[in-house]
Amino acid sequence: MTLDAIDKKEALRYLGCRENIDNERMISLLDECEKRLISAAAPKYLYEVFPITFEQGGVRIADSNILLTGNDAAEHLKNCSRIVLMCATLGQGVDVLLRQLQVTDMASAVTTDSLASAAVEQVCNKAESEIFEKVKCNSRTWRFSPGYGDLPLDIQYSLLSILNAQKRIGLTVNDSNMMVPTKSVTAFIGLSDGEVERKSRGCESCIMKDKCKFRKSGGHCGN
Amino acid sequence: MEIKELLAERGLLIFDGAMGTQLQAKGLKTGETPELLNLTDKDLLKEIHRSYIDAGADIISANTFGANAYKLSHSGKSVDEVITAGIKNCKEAIEESGKPVFCALDIGPIGQLLEPTGSLKFEQAYEYFKEQVIAGSNAGADLVLFETMTDLYELKAAILAAKENCSLPIICSMTFEENGRTFTGCPVLSEILLCEGLGVSAVGVNCSLGPKELMPTITELCEKSNIPVIVMPNAGLPDPATGGYSIGAEEFSGYAVKIAELGAAIIGGCCGTTPEFIHRTADKVKGRKYNHRKADRVCTLCSGTKTVAVDRPRIIGERINPTGKKLFKQALINDDIDYILGQAIEQVNAGADILDVNVGLPDIDEKAMMIKAVKSIQGVTGVPLQIDSTIPEVLEAALRVYNGKPIVNSVNGEEESLESVLPLVKKYGAAVVGLTLDKNGIPPKAEQRVAIAERIIKRCEQYGIPKEDILIDCLTLTASAEQLAVNETLKAVREVKERFGVKTVLGVSNISFGLPNRELLNHIFLAMALENGLDLPIINPNVAAMTGTVRAFNLLKAIDINSAEYIAAYGSDTPAAAVKPAASDVTLEYAIDNGLKAEAAKLTEQLLIGNDPMSIINERLIPALDKTGTLFETGKIFLPQLILSAGVAQSCFDVIKAHLAKNNSETVSKGKIVLATVKGDVHDIGKNIVKVLLENYGYTVIDLGKDVEYQAVVDAAKKHNVKLVGLSALMTTTLKSMEETIKLIRESGLDCKVVVGGAVLTPEYAEKIGADFYAKDAKETVDIAKQVIG
C-alpha cells in the first residue's frame, strides 16, 4: 500500500489548530514534513475474519482463549456474528525519521509526528475499503480499538498474536502494551447479517458519507 | 557435525517444511501456543517429524520456534521444559526412523522489537536466546537454527548467545520482502556480512514469499555469500480470504531445481509447505554435488540498514571526538547524547560514509558512554561506525552492541596491542585499522612504516582476519613540525597499497596543525593522498572543500561515472549569495517571532560585540520567548510555531555558548534539570519539546531519554545535584512507572522537586502519585522551573 498525500487538516487538528492556517512558514513546513514522511513510511496492514460469541464477561473471538472483556466491546458488537480483526502500521522507518528530527529540528518533529498519526488513520481507512471489497456483510460497525471504553489495552498482545502480526507486517507490542513501531493501529469491526446499532455504525456505512456537512468540517452527526 | 563437512559428504542438503501449517491442519486452535504441544501431544509431533524424515529431509527442526521466556510467560511452563521435550520428540522420531538425520533447535524472533524503536534491550534479548540455546544444547540438538528474523540487531544477539553458550553449528535465516529488505530495512548483504563475521555456518532466507518472488534475493545470497546458503520459501503467496497458499508441491520443487542451480546448499520449506513439497524437492535436488564459490569481495562495512563497500574513496567523519572541543567535552560530562547525535546527523548530511566514534575523556566512564553513544547513533543513522578507543575493554563493549560490521580504530605494531585487539576484531567480525607505529613510536621513513604494516597484516592473518578487512594507517605528521615527513607518509601509503593490496586510511586534518589557513592545506594534502592511493580519509565532512575534494577526485578518476554524483551534489547550485547582513529592520525579536534562524544567529553575533552575554539572554531572548509563550497560551499561535521560535532562540544560544567557550568563560547555565520519559514508555516527543523550551530559557537539561529505569533517574539527579526532575508518560499503562520513579526519588532522600506531565495525566493524579508539580504543557514547565530554580 502507498500513501500519496496526507490529510494535513487532520494533522493540524492534532496540533491543536482548529482554523485554517494562513501562515506561509507553517504551510511549507507541513509540505516538507509530508514529503519526508511519505518516503520514510512503508504502510502495511493485515486482517482476518473471525466468528464471535457473546458470553458472561465479554465477547469471545472464534473458539480461542481471547475474550474482549467489559461492556463496551460487547455493546459495540451487538447484533454482530463476526468481526474483521485488523492491524496497520507505517513501519519502523517513521520511528527512525522521528528520532532524527527530534535531534535536529523539533518543529519538524512535532509536525511530522502529527502527520504520521493522521497517516496511520488514512492507512486504516484505505485498508477498510479494500477489505470490504472482499468481505461481504449486511451492516458493519466502525473500528473499535483496545483502550476504548472499558476494553483493556493488554488485549493488544493476543490480538496481534492471532493475526501473526510480527511475522507478517513486523508489528509488536512492548511490555507496556504500546505498539512498536509506534505509528500503528489495532482495531476490529463488527459484521452483522442484520443491522448493527446506529451508534456503532459510523460514517463509512452511512449513505450521507460523501455529502455530510458535519463530516466535511471534521465532525460527526452524533448518530 | 559441521555443515561444511556434511555438504562435502552428502552434497545438497534438504531441510524440512512447515511445522505450524501441519499443526493447524491437525487441529491446533487459534491463539494456542504451538510449542506447548511438545508436552501434551508428543505423538502428533513425532508423526510430523517422521513425515518429513520419510520425505527425505537431512535436517529437521524441533517444535521450538517460539519457546522463549517472553512468549511462554503466561503458559506456566519453563523454556527448559518445552525445549527439552521438543528436542526429545525430534530425536526420538529420528531414532525410530533409523536414518542419519540431524535435529535443529529452531529459534524465531522473541516477539518484541529491540531498542531503539522498541524497548527490549539488546542485553535482555541476549539473555532470552541464551536460555533457549542452553536448553536445546543440553537436550542434544545437533545445530541451532535462527530463522524468520527481521532485525539484524536481534539476530546478532542470538548469534552471540549461541556462540558463547554452546559449541553447535549455527544457521541463520532472515525474512525479506520483495524489495530485498526485511521489515526493519535490513538488506541481504548486511545479513551475509554479520553472519560471516560472527562465524555462522550457513546463511539465508525463509518465509514471507514464495520461491518465485524470492529469486532475486536468493541470487544475491548465492553470489555474495562466502558461506553456504540456506533457502526455505513459503508455498507461494497467501490468500488472506482463504488462508491458503498459491503454489503446489510440484511447482515448488521445480523452483527448488533453479535454486540449487543458483548455488544454494540447503533447501527446505516454510509456511504452507508440507511433507509432499519436501518429498518432491528431495527427489529433484537432494545430494547434488555442492560446489562452493568464493565471492570476490572488497572490504565492506555495514549497519542494520546499509552497506558501504570500500571500492572507492569513502569519507570517515571525524567530528565525534572530544579532543580539543570544549562543547563536546561539556556534552559528555552532562550525558548530553543529543549533542553527539546532532554531530552524527550533520556529518552524514554533509557526505560522510562512515562515522568515527570516540568518547574518551578522563573523568567519565568511557565504556558506559561508548555503549550509549553507539546505541543512540545507530538509532538515528544507518551509516556504519568506526569504533575509536585505546582501551580494549571499551572496544569490546562497543563491538558487542554495534548492529552490523564496524571498523575498529585501532591496533598498532606493538605486540601487546596486537594481542589484545585482534582477537576482538576476529570474534566480532570487524574490519580493523592498523597504525604503522610501535613501541619506538612513529618511524620517520616510509619503508619502516611499510615494515610495521607487514607485521600487522601477518598477525591479522594468523588470527584469521580476512585480508580485505585490514586497513592500514600510515599516519599523518604535522607539516609545521615535520615538513619532510609529509612525503614519507604519501610514499608509505602508495607502497602499502601496492605491495600488500590492502586498503589505506589516514587522519588528514593533523597535517595543518599550527599553521594558518588550515582548510587550504587539508584539502590539498587530501588530494595528494587520494592520488597516492588513500581509500578512507578521516576528515571533517562539514567543510565543503574537504568533501568536495573527494567528489572532484571521484569525478576526475572516472569513479563517479558520467559525473552523476558530482552533478547531484553541485548541479543545482546557484552562485552562493553572500550571507546578507541582517537588514536593519530585522530585530532579534522579529527573527524569533518569524522563525528566522540564520538571521537571529547573525544578530546574536553582532550583539555579542559590546554586550554582555547574560544581558542578551535576559533582556532580549527571554522576553521574546515569553511573548511567543503568551501567544501560544492564548491560542494565537500553535505548537509548531512555538517550537519554530524556540529553535531560533536555540540558534542564538548556540552562538552565545560557542562565544563563551572560545573565550574560556563560564557557561550560561541557570541550573540543571533532569528529564526522563519513564520506564516502559517509548513516546518521548513531549519530553523533547519540554527540553527545547527549558534550554531556551537557559537551563541545562540532563536528558535521560525514554524508557528510563527508576534508578537511573535517581542516579542522574544525585550525580548532577539537581533541584528539579521532570518526568513524562504518555499512557495510562506507564503512569505506574511514573509513580514508582517518584517513590524511589523520595526514598533516596533527594532534595529535589518533581514535575510531571503527559497526555493522560491530571493535576489530581499528579498529586496522588506524589509529584510536586503538574505541568499541562512545555510552557508551564518553564514557569515551574523559574519558580523552583530561578
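Helices and strands here are DSSP runs, a helix having at least four residues and a strand at least two. The model is predicted.

**Exercise 1. Overall form of chain B**

Task: State how many helices and strands chain B has, and decide whether chain B is as compact as a globular protein of its length.

Solution.
1. Count the elements: chain B has 30 helices and 23 strands.
2. Compare two values: the radius of gyration of chain B is 30 Å, and the globule rule gives 28 Å for 790 residues. These are close, so chain B is as compact as a globular protein of that length.
3. Add the dimensions: along the principal axes, the C-alpha atoms of chain B fill a box of roughly 90 × 75 × 50 Å.
4. Turn to burial: 55% of the 790 residues of chain B count as buried.
5. Look at the contacts in chain B with a separation of 6 or more: 76% of them are between residues 24 or more positions apart.

**Exercise 2. Domains of chain B**

Task: List the domains assigned to chain B and give the distance between the C-alpha centres of domain 1 and domain 3.

Solution.
1. Read the assignment for chain B: domain 1 covers 3-285, domain 2 covers 304-561, domain 3 covers 588-662 and domain 4 covers 672-788.
2. Take the two centres: those of domain 1 and domain 3 of chain B are 57 Å apart.

**Exercise 3. The surroundings of strand E7 of chain B**

Task: Find the strands that pair with E7(B) through B:Val231, and determine whether the faces of E7(B) are covered or not.

Solution.
1. Start with strand E6 (residues 202-206) of chain B: four bridges join E6(B) to E7(B), and the two run parallel. Within this pair, B:Val205 is opposite B:Val231.
2. Follow the chain from E6(B) to E7(B): the path goes through helix H9 (residues 211-224) of chain B, and the β-α-β crossover is right-handed.
3. Move to strand E8 (residues 266-267) of chain B: two bridges pair E8(B) with E7(B), again in the parallel sense. Here B:Ile267 is the bridge partner of B:Val231.
4. Check the faces of E7(B), residues 229-232: B:Val229 and B:Val231 are buried on one side, B:Ile230 and B:Met232 on the other, and both faces are covered.

**Exercise 4. Backbone exceptions in chain B**

Task: Locate two cis peptide bonds and two residues that have a positive phi although they are not glycines.

Solution.
1. The bond between B:Glu115 and B:Pro116 is cis, with omega about 5°. B:Pro116 belongs to the loop between strand E3 (102-107) and helix H6 (122-139) of chain B.
2. The bond from B:Asn409 to B:Ser410 is also cis, with omega near 20°. B:Ser410 is in strand E14 (residues 407-412) of chain B.
3. B:Asp335 has a positive phi of about 55° and sits in the loop between helix H12 (326-333) and helix H13 (337-350) of chain B.
4. B:Asp707 has a positive phi of about 50° and sits in the loop between strand E20 (700-703) and helix H27 (710-719) of chain B.
5. Test burial, for which 20 or more other C-beta atoms within 10 Å are needed. B:Asp335 has 20, so it is buried. B:Asp707 has 27 such neighbours inside 10 Å, so it counts as buried.

**Exercise 5. The contact between chains A and B**

Task: Describe the side of chain A that touches chain B.

Solution.
1. Count the residues: 48 of chain A are in contact with 44 of chain B.
2. Find the contributors: elements of chain A supplying at least two residues each include helix H2 (24-40), strand E1 (44-55) and helix H4 (92-104). H4(A) gives the largest share, nine residues.
3. Sort this side of chain A by type: 19 residues are nonpolar, 20 polar and nine charged.

How values were computed:
Residues numbered from 1 in each chain as written. Chains lettered and ligands numbered in written order. Predicted model: local features only at pLDDT ≥ 70, side-chain atom pairs only at ≥ 80, totals over all residues. Domains from an automatic or database assignment. Contact = placed C-beta atoms within 7 Å. Nonpolar A, V, L, I, M, F, W, Y, C, P; charged D, E, K, R; others polar. Buried ≥ 20, exposed ≤ 12 C-beta atoms within 10 Å, placed from the backbone. Pairing = 2+ DSSP bridges. Right-handed = clockwise from strand over helix to strand, strands pointing away. Rg over C-alpha atoms; globule rule 2.2 N^0.38 Å.
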